[in-house]
Amino acid sequence: MAAPPDVPVTVGDATLVEQSLRLPDVFAVLYDRYFDEIHRYLAGRLGTQAADDLAAETFLVAFRKRRTFDPGRGAVRPWLYGIATNLVAQHRRSETRRLAAFQRTPVDDRADHGHEDRVTARVTAASAQGRLASALERLSEGDRDVLLLIALADLSYEEVAQVLDIPFGTVGSRLNRARKKLRAALGGSNPMIGGSDG
């Protein structure tokens, strides 16, 4: 999608959603602003091939639901991540199979080079890849969503709370619980190098 030429670059996201109700082509600006990062997040969760379809579907859903966007509940970026995360939930079985395959893949034979590989590269020992995949698979859906929204999408706690429609404090407790489980599975290694608690 190409941005309409008459939309200034400085126009805020919420204003663009509002304007797109009258001028649908304006929504292309949001697509241009956020497609790549939404695609990276989805690729990290489900692989590049699924991300190609789901990133486009994220923006299609957002376009169709733009009348329901409420700027009082939060910003457009987390709203888009919420849509993407819901699409991931609909494809959970594929993610589980991918994590199982990821666990069986030797460390030196990485075919996808996706964002999960980058998360894995952050652990202190490269041999922890299989244990990390297994530990990610055993996390509850809520804990895994919080961890991967922070690790892959680099969202703030506030944004994750908005994406998942949970209280701010729940984000912290889920992240803490996920980190503890991953750390235990990795024999005490910090699963998020550079994180605040390790």
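**Exercise 1. Find which residues line the largest pocket and lie nearest its centre.**

*Solution.* Start at the middle of the pocket: Trp-79, Gly-82, Ile-83, Asn-86 and Val-163 lie nearest its centre, and they belong to a lining of 24 residues. Keep in mind as you look that this is a predicted model.

Next, move from residues to elements. Helix H4 (76-90), helix H8 (141-151) and helix H9 (157-164) each give two or more residues to this lining. H4 gives the most, with 9 residues.

Then sort the lining by class: 9 residues are nonpolar, 8 are polar and 7 are charged. To finish, note the space in this pocket, about 520 Å³.

**Exercise 2. Work out which residues have the most contacts inside the largest nonpolar core, and which helix gives the largest share of this core.**

*Solution.* Begin with the core itself: it has 52 residues, and Leu-42 and Leu-149 have the most contacts inside it. Several helices give two or more residues to this core, including helix H1 (13-22), helix H3 (48-64) and helix H10 (168-185). The largest share, 10 residues, comes from H2.

Now take a look around Leu-42. Setting aside neighbours within four places in sequence, Leu-42 is in contact with Gly-47, Ala-51, Leu-54, Ala-55, Thr-58, Ala-84 and Val-88.

**Exercise 3. Decide whether Thr-58 is buried or exposed.**

*Solution.* First, place the residue: Thr-58 lies in helix H3. Second, recall the cut-off: buried means under 20% relative accessible area. Third, apply it: Thr-58 has a relative accessible area of 0%, so Thr-58 is buried. Finally, see what surrounds it: leaving out residues up to four places away in sequence, Thr-58 touches Ile-38, Leu-42, Leu-80, Ile-83, Ala-84 and Leu-87.

Terms used. Residues numbered from 1 in each chain as written. Predicted model: local features only at pLDDT ≥ 70, side-chain atom pairs only at ≥ 80, totals over all residues. Heavy atoms only, no water. 1 Å grid on protein atoms, 1.4 Å probe; cavity = no way out; pocket = protein on both sides within 12 Å on 5 of 7 lines; lining within 4 Å. Points joined across faces, edges and corners; volume = space filled by probe spheres on them. Helix = DSSP H or I, 4+ residues; strand = E, 2+ residues; numbered from the N terminus. Nonpolar A, V, L, I, M, F, W, Y, C, P; charged D, E, K, R; others polar. Core = buried A, V, L, I, M, F, W, Y, C linked by side-chain atoms within 4.5 Å. Buried < 20%, exposed > 50% of the residue type's maximum accessible area, 1.4 Å probe, protein only. Contact = heavy atoms within 4.5 Å.
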